[in-house]
Amino acid sequence: MVDDYVTWREACATVAAAYSNWNGAGRRDQKLAVSEYIDALNCEEEAATAYRFSVERVASSQVCARR
């Protein structure tokens with residue numbers, strides 16, 4: 001679970017950097033910058049989903065352990 005959390009947080013940082021690059025891109029570079037931003041968002045979404053599944057597995061196993 002911790003690995004999935006770290007991966008998600010790294011993906012969040014990548015999104016922030018890609019947004020900053022897009023925001024500061026000149027007119028000639030904007031198409032590439034927005035493409036990189038969208039790619040970063042997609043990766044962050046995948047990482048967030050993986051982390052959510054990890055949290056759900058841990059939560060589920062804790063509920064089963066209490067029974």
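Here is a short walk through the side-chain contacts of this structure, which is a predicted model.

Let's begin with the charged side chains. The structure holds one salt bridge, and its partners are glutamate 56 and arginine 52, whose side chains meet at 3.6 Å, N to O. Where do these two residues sit along the chain? Both belong to helix H2, which covers residues 30-66, and they are four residues apart, so about one helical turn separates them. If you look at their surroundings, glutamate 56 is partly exposed, with a relative accessible area of 43%. Arginine 52 also counts as partly exposed, at 43% relative accessibility.

Next come the aromatic rings. The structure holds six aromatic pairs. To find one aromatic cluster, pick out Tyr5, Trp8 and Tyr51, which form it together. Tryptophan 8 has a charged companion too: arginine 9 lies over the face of its ring, at 5.3 Å from the ring centre.

Finally, turn to the cysteines. How many disulfides does a search of the whole structure find? The number is zero. To see why, start at cysteine 12: the closest cysteine sulfur belongs to cysteine 43 and is 12 Å away, which is too far for a bond. A disulfide needs the two sulfur atoms within 2.5 Å. Seen from the other end, cysteine 43 is in no disulfide, and its nearest cysteine sulfur is that of cysteine 12. As for its setting, cysteine 43 is partly exposed, with a relative accessible area of 48%.

Notes:
Residues are numbered from 1 along each chain as its sequence is written. This is a predicted model: local features need pLDDT of at least 70, side-chain atom pairs count only at pLDDT 80 or more; totals for chains, interfaces and linings use all residues. Side-chain values use heavy atoms; hydrogens and water are left out. Buried means under 20% relative accessible area, exposed over 50%, partly exposed in between (1.4 Å probe, protein chains only). Rings of Phe, Tyr and Trp (its six-membered ring) pair if their centres lie within 6.5 Å; planes under 30 degrees apart count as stacked, over 60 as edge-to-face and the rest as tilted. A charge sits over a ring if NZ of Lys or CZ of Arg is within 6 Å of the ring centre and within 35 degrees of the ring normal. A salt bridge is a side-chain nitrogen of Lys or Arg within 4 Å of a carboxyl oxygen of Asp or Glu.
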